[in-house]
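Please open the model in your viewer and keep the selection panel at hand, because each stop below names what to select and then says what is there.

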Number of protein chains: 2
Amino acid sequence: MNPSAPLSFEPPRGMRDFYPEDMLWRNRVFDAWRQAAVAFGFQPYDACVVESLELLQRKSGEEVSEQIYHFEDKSGRHLALRPEMTPTLARMVAARHGQLTFPLKWFTLAQCFRYERMTRGRKREHYQWNLDIIGEESVSAEIEILAAAAAGLRAMGLPDAAYRIRVNNRALLAELLAKSGIDAAYHPAVFLALDKRGKISDDEIAALLKAEGLDSDAVAKAFELLAVQTLDQAAALAGADSPALAALRELFSLAEVYGIADRLVFDISVIRGLAYYTGIVFEAFDTERKFRAIFGGGRYDSLLTMIGGAPTPAVGLGFGDVVVVEVLKDLLGEAAAAEKRGVIVGYMFPEQREAATRLARTLREAGETVDLQLGRQKPKQFFSRASASTAADAVFIGPDDVARGTAKRKNLATREETEIPLN
Amino acid sequence: MNPSAPLSFEPPRGMRDFYPEDMLWRNRVFDAWRQAAVAFGFQPYDACVVESLELLQRKSGEEVSEQIYHFEDKSGRHLALRPEMTPTLARMVAARHGQLTFPLKWFTLAQCFRYERMTRGRKREHYQWNLDIIGEESVSAEIEILAAAAAGLRAMGLPDAAYRIRVNNRALLAELLAKSGIDAAYHPAVFLALDKRGKISDDEIAALLKAEGLDSDAVAKAFELLAVQTLDQAAALAGADSPALAALRELFSLAEVYGIADRLVFDISVIRGLAYYTGIVFEAFDTERKFRAIFGGGRYDSLLTMIGGAPTPAVGLGFGDVVVVEVLKDLLGEAAAAEKRGVIVGYMFPEQREAATRLARTLREAGETVDLQLGRQKPKQFFSRASASTAADAVFIGPDDVARGTAKRKNLATREETEIPLN
């Protein structure tokens with residue numbers, strides 16, 4: 001390494017820097033996530049972004065497994081930057097299964113990494129809000145999670161009309177595939193292939209299905225199912241006694257009570273890419289479908305068994321920080337997150353520094369945000385900096401103010417002034 | 001990989017899991033950090049934990065460089081998990097030097113990794129609160145950062161008497177070493193060697209200094225300096241016109257105005273291990289010195305130049321999440337972070353589920369934390385779960401409550417009950 005060669009000031013490819021103006025959006029999203037999770041009684045948990053490679057490979061679908069950042073530590077341990085939080089959650093729950101009281105409602109804000117090609121502005125890391133309910137078999141779990149996600153979107157300022165949550169049940173698809181004569185052994189491959197719809201052509205999907213061993217007739221039947229539009233059409237195929245359909249109907253009925261029915265839509269083409277979903281699955285999109293999915297998730301009743309834990313039903317949601325900010329900026333404008341608050345305090349000569357510092361101390365101890373200027377400034381200099389700052393109010397202290405024992409607190413937007421005591 | 005072999009449920013060695021009870025402490029610390037940073041007008045920033053290896057090696061001391069987790073991505077890029085945030089901050093500032101208004105006051109909560117031997121319960125990752133002021137030459141920067149750190153400690157409940165901030169000035173040490181006839185070329189090595197005091201024996205330090213080329217006389221003089229106890233003793237050696245001493249005196253005088261002078265102590269042995277400090281350095285310890293440093297930092301005026309940016313004065317603080325929680329638990333007790341809040345809502349029969357759900361919805365929309373039970377429970381079952389939960393109040397809805405249109409909200413600690421309307 002040549003110590004005098006110029007270094008790049010860019011972050012590594014695919015990684016993000018957050019300058020203060022970027023943090024306005026990020027905090028808006030993170031704060032809304034935390035607020036909604038707490039309002040719904042979810043408990044916080046977290047784990048290190050570095051996870052054992054074996055755990056991650058054990059449960060993820062093949063595509064995710066190929067995209068894992070992995071490395072060996074100095075003792076030869078196979079480690080990785082997690083691509084998602086669910087395997088870690090399953091590990092943590094399995095480790096304390098006997099001591100935990102189920103159902104658990106847990107949430108986290110987790111950074112996740114995927115080594116993807118840099119198409120369509122995709123980044124290689126993002127933050128993901130995870131809500132999981134573990135140990136509840138009924139759709140009470142699904143609706144609680146969907147309502148919390150809706151509360152999160154409302155808290156960040158997205159109007160209810162701006163998005164739709166598309167819901168399906170993999171168990172319903174499985175019932176329908178079985179009735180079409182497609183054996184259960186083929187279902188996982190069919191799910192993964194059909195999930196690629198819209199990303200690759202139907203011909204390519206058909207080729208994938210044939211490669212898995214389905215004949216032309218079975219492939220045609222698999223595509224036919226995707227033409228189902230309503231629960232009643234699904235009932236006509238699955239039969240009125242279908243348990244998968246009953247679960248969906250109960251979910252839609254509970255959505256009325258939770259007040260989110262206006263945003264819930266049945267969509268048989270929602271399948272989700274991950275291999276481990278067993279029941280209801282869902283994805284939220286902006287209503288105009290201009291962006292990728294805002295969040296997604298579903299029921300994964302066999303995951304704990306897959307990693308060697310006790311059989312435990314579970315539902316989870318993953319909600320990334322990238323798409324929702326694109327949707328919010330598109331709808332509300334880039335500047336919407338800007339917010340003026342607190343006070344900027346400056347002073348004219350070194351003799352007023354003590355008064356300025358004491359005022360800053362008093363205001364801070366009272367809970368206010370105070371940006372104390374670190375050196376003396378001319379009034380013009382100070383007020384020019386004040387207007388460009390994030391402060392709502394400004395106090396500039398000169399010799400006369402100290403003599404009088406009061407200064408003026410000026411609202412920078414309205415120019416209104418109020419007198420405040422010094423000391 | 002054998003897909004049926006049992007997996008370990010432990011996190012990778014040196015990495016931490018945070019269960020909800022661990023998050024109580026973590027949130028207490030993180031919330032205090034954010035609150036103090038905002039009160040002092042620091043702006044948030046962040047960057048990915050994955051950083052370019054070259055940037056990290058360029059500025060860190062040798063010891064840190066050996067402890068970096070590094071790996072290649074699939075394109076052969078040399079990447080690393082950052083051991084500290086300062087190089088990344090310097091890179092971000094250098095990248096936008098022309099567009100930023102100085103002085104900057106920025107903060108972040110950053111996860112950092114060091115591959116260390118697992119002695120004394122040290123972990124390989126921790127979170128660090130970073131406060132930095134960039135572009136300010138005077139000790140206004142140092143005192144603002146120290147006062148913000150003190151506000152953070154107060155916000156997390158640590159009494160002022162429980163810790164002391166030990167302050168020194170590397171420039172003072174440099175003046176004194178020069179007066180002892182030790183050439184400036186040796187100073188960096190002397191700083192790093194003397195910083196190891198208490199960790200290795202004085203004989204080992206002397207051996208290190210000799211290996212760097214100091215003779216026995218110079219080694220003895222270096223140790224003599226560490227006997228200096230007060231600023232007046234330092235003045236006797238450095239001369240009354242020492243600029244390094246003047247900076248320290250100004251810092252102690254400003255500490256009076258900020259109200260933190262009771263916690264500030266001059267300590268010539270505080271040097272800090274990192275190579276890039278140029279001026280005032282500081283470390284905070286619990287008063288009884290039972291634990292490692294709570295936070296540390298100092299002035300690093302040449303770092304931006306080192307990575308190829310424009311010369312810019314800077315002061316920074318790093319405050320980890322591990323030691324402070326040890327200190328807090330030792331002082332306040334393990335259970336101090338526990339906090340009961342919000343309402344747990346349950347119901348007796350499926351017929352009351354809708355009323356319970358509607359009540360949860362109303363309370364949540366009013367900003368309350370509501371843990372809605374997901375299935376029916378017997379009263380005994382519900383109240384046993386309620387007592388074990390983090391909820392302060394409980395509402396259990398039976399058929400009579402729905403008939404009357406009101407339910408009882410019970411404070412679980414005082415057993416006081418108040419009537420609340422259903423719907």
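Begin by selecting R16(A) and D321(A), whose side chains meet in a salt bridge with 3.1 Å from N to O, a salt bridge being a side-chain nitrogen of Lys or Arg within 4 Å of a carboxyl oxygen of Asp or Glu. This pair links distant parts of the chain, since R16(A) belongs to the segment before β1 (17–18) of chain A while D321(A) sits in helix α13 (residues 321–332) of chain A, 305 residues apart. Helices (H or I, at least four residues) and strands (E, at least two) are DSSP runs, numbered from the N terminus. Over all chains, the count of salt bridges by this rule comes to 64.

Before going on, note that this is a predicted model, in which local features need pLDDT of at least 70 and side-chain atom pairs count only at pLDDT 80 or more, while totals for chains, interfaces and linings use all residues. Residues are numbered from 1 along each chain as its sequence is written, chains are lettered from A and ligands numbered from 1 in the order in which they are written, and side-chain values use heavy atoms, with hydrogens and water left out.

**The domains and the sheet of chain A**

Colour chain A by its two parts, domain 1 (20–334) and domain 2 (341–421), bounds that come from an automatic or database domain assignment. The centres of domain 1 and domain 2 of chain A, taken over C-alpha atoms, are separated by 50 Å.

Next, select the strands of the open sheet in chain A, where 8 strands follow the order β2-β7-β8-β13-β12-β11-β9-β10 with mixed pairing; two strands pair if DSSP finds at least two bridges between them. At the edges are β2 (43–44) and β10 (264–266) of chain A, each of which pairs on one side only. Which strand does β10(A) join through 3 bridges? Strand β9 (residues 163–169) of chain A runs parallel to β10(A), and within this pairing V167(A) has F266(A) as its bridge partner.

**Where the chains meet**

Now show both chains together: 101 residues of chain A are in contact with 101 residues of chain B, contact meaning heavy atoms within 4.5 Å. The area buried between chain A and chain B is about 8,300 Å², with carbon and sulfur atoms giving 57% of this area; buried area is the accessible area (1.4 Å probe) that two parts lose on being put together, summed over both.

Across this interface of chain A and chain B the rule finds 12 salt bridges. For a salt bridge between the chains, select E144(B) and R364(A), whose side chains meet at 2.5 Å, N to O. On the side of chain A that touches chain B, the largest share, 8 residues, comes from helix α1 (residues 20–39) of chain A. By class, that side of chain A has 45 nonpolar, 21 polar and 35 charged residues, where Ala, Val, Leu, Ile, Met, Phe, Trp, Tyr, Cys and Pro count as nonpolar, Asp, Glu, Lys and Arg as charged, and the others, Gly among them, as polar.

Strands also pair between the chains, for strand β3 (residues 46–47) of chain A and strand β1 (residues 17–18) of chain B run antiparallel and are joined by 2 bridges. Select D46(A) here, and its bridge partner in β1(B) is F18(B).

**Backbone details**

Most residues other than glycine have a negative phi, and most peptide bonds are trans. Look then at F102(A) and P103(A), which are joined by a cis peptide bond with omega of about -5 degrees; P103(A) lies in the loop between α4 (86–95) and β7 (104–113) of chain A. In chain B, a cis peptide bond joins F102(B) and P103(B), with omega of about -5 degrees.

Stay in chain B and select L100(B), found in the loop between α4 and β7. Leaving aside neighbours within four places in sequence, L100(B) is in contact with V93(B) and W106(B).

**The last strands of the tour**

Finally, select strand β16 (residues 393–397) and strand β17 (residues 406–411) of chain B, which pair in the antiparallel sense over 3 bridges, with R409(B) as the bridge partner of V395(B). On to strand β18 (residues 417–421) of chain B, which runs antiparallel to β17(B) and is joined to β17(B) by 5 bridges, T406(B) standing opposite P421(B). β17(B) and β18(B) form a hairpin with 5 residues between them, and R415(B) in the turn has a positive phi of about 65 degrees.
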